[in-house]
Amino acid sequence: MTVEEFEEFYAHAVGRLTGQLYVMLGDLHEAQDVVQEAFVRGWSRRRQLDGDGAPEAWIRTVAWRLAVSRWRGRRRSDDAWQRHGGAPTVEGPGPEPVALVSALRELSPRQRRTVVLHYVCDLSVDQIAAETGVSSGTVKTHLHRGRAALADRLTERSEETAPQDPIASHRSHDAQDSHAEEAPGA
């Protein structure tokens, strides 16, 4: 199989094979990983794939075997954790980090990268400029606009999730009910 033939085979078969492995495994990301790994292995054996006459079957079999090997590795890892007292319990993220990540996703990619490099990676403006290939002034602009956008988005989210005053809520329902009762008789 030539390079061009392999590329054509890949283009026609990758979606179908990923779908098949997804149904077999029940995990799309795992299916994508093992199919890609099988194609990588197939690339170095493309001359033999042509002689077999069933390159798709070969890729599917290799992908399945890779998935089984991963399962075995995970099971051995789980068994080892159990022998040594189990995996440490890690709590999921609280609402603040989730809100921050959600707000960061709404920034432009440049602003998001700049804000993360500055506040998470603790890089200076000059270091960010060198890493991203933009001027220090542009970095400062991205930081300023990113902070402003984050402040707006995080303020909106905190107002949306703020607990309401149950007494005020009850009073507003009572007021609505009394207006509704008065309307038909008027």
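1. Ala31 is found in helix α2, which covers residues 28-44, and in this predicted model the residue is a reasonable place to begin reading the fold. Ala31 has a relative accessible area of 0% and therefore counts as buried, the cut-off for that term being under 20%. When residues up to four places away in sequence are set aside, Ala31 touches Thr18, Leu21, Tyr22 and Leu25.

2. A second relation of Ala31 reaches further along the chain, to Ala67: the two residues are 36 apart in sequence, while their C-alpha atoms are 8.0 Å apart in space. Ala67 is itself among the buried residues of helix α4, a list that also includes Trp58, Ile59, Val62, Ala63, Leu66 and Val68. Pro55 and Glu56 are buried in α4 as well.

3. Helix α4 takes in residues 55-83, 29 residues in total, and its length can be checked against expectation. At 1.5 Å a residue the helix should span 42 Å, and because its end C-alpha atoms are 42 Å apart, the model agrees with that expected span. Following α4 comes Gly85, a residue whose phi is positive, near 95°.

4. Another point concerns the packing of helix α6 (residues 109-119) with helix α7 (residues 125-132), whose axes are 10 Å apart and meet at an angle of about 135°. That angle makes α6 oblique to α7, since only angles over 145 degrees would count as roughly antiparallel. The crossing of α6 past α7 is right-handed. On the α6 side the contact is made by Arg113, Thr114, Leu117 and His118, and on the α7 side by Ile128, Glu131 and Thr132. By character, the residues of this contact comprise two nonpolar, three polar and two charged.

5. Thr114, which lies in helix α6, deserves a separate remark. With a relative accessible area of 4%, Thr114 is buried, because the term applies under 20%. Apart from neighbours within four places in sequence, Thr114 is in contact with Ile128, Val139, His142 and Leu143; of these, Ile128 belongs to the α7 side of the contact described above.

6. Turning to the chain as a whole, the protein has nine helices and zero strands, so that reading from the N terminus the elements run α-α-α-α-α-α-α-α-α. Of its 186 residues, 24% count as buried, Ala31 and Thr114 being examples discussed here. Among contacts between residues at least 6 apart in sequence, 59% join residues at least 24 apart.

Key: Residues are numbered from 1 along each chain as its sequence is written. This is a predicted model: local features need pLDDT of at least 70, side-chain atom pairs count only at pLDDT 80 or more; totals for chains, interfaces and linings use all residues. Side-chain values use heavy atoms; hydrogens and water are left out. Helices (H or I, at least four residues) and strands (E, at least two) are DSSP runs, numbered from the N terminus. The expected span of a helix is 1.5 Å times one less than its number of residues. Buried means under 20% relative accessible area, exposed over 50%, partly exposed in between (1.4 Å probe, protein chains only). Contact means heavy atoms within 4.5 Å. Axes are lines fitted to C-alpha atoms, for helices over the stretch in contact, and angles run from 0 to 180 degrees between N-to-C directions. Angles under 35 degrees count as roughly parallel, over 145 as roughly antiparallel, 65 to 115 as roughly perpendicular and the rest as oblique. A crossing is left-handed if the near helix is turned anticlockwise from the far one by less than a right angle, and right-handed if clockwise. Ala, Val, Leu, Ile, Met, Phe, Trp, Tyr, Cys and Pro count as nonpolar, Asp, Glu, Lys and Arg as charged, and the others, Gly among them, as polar.
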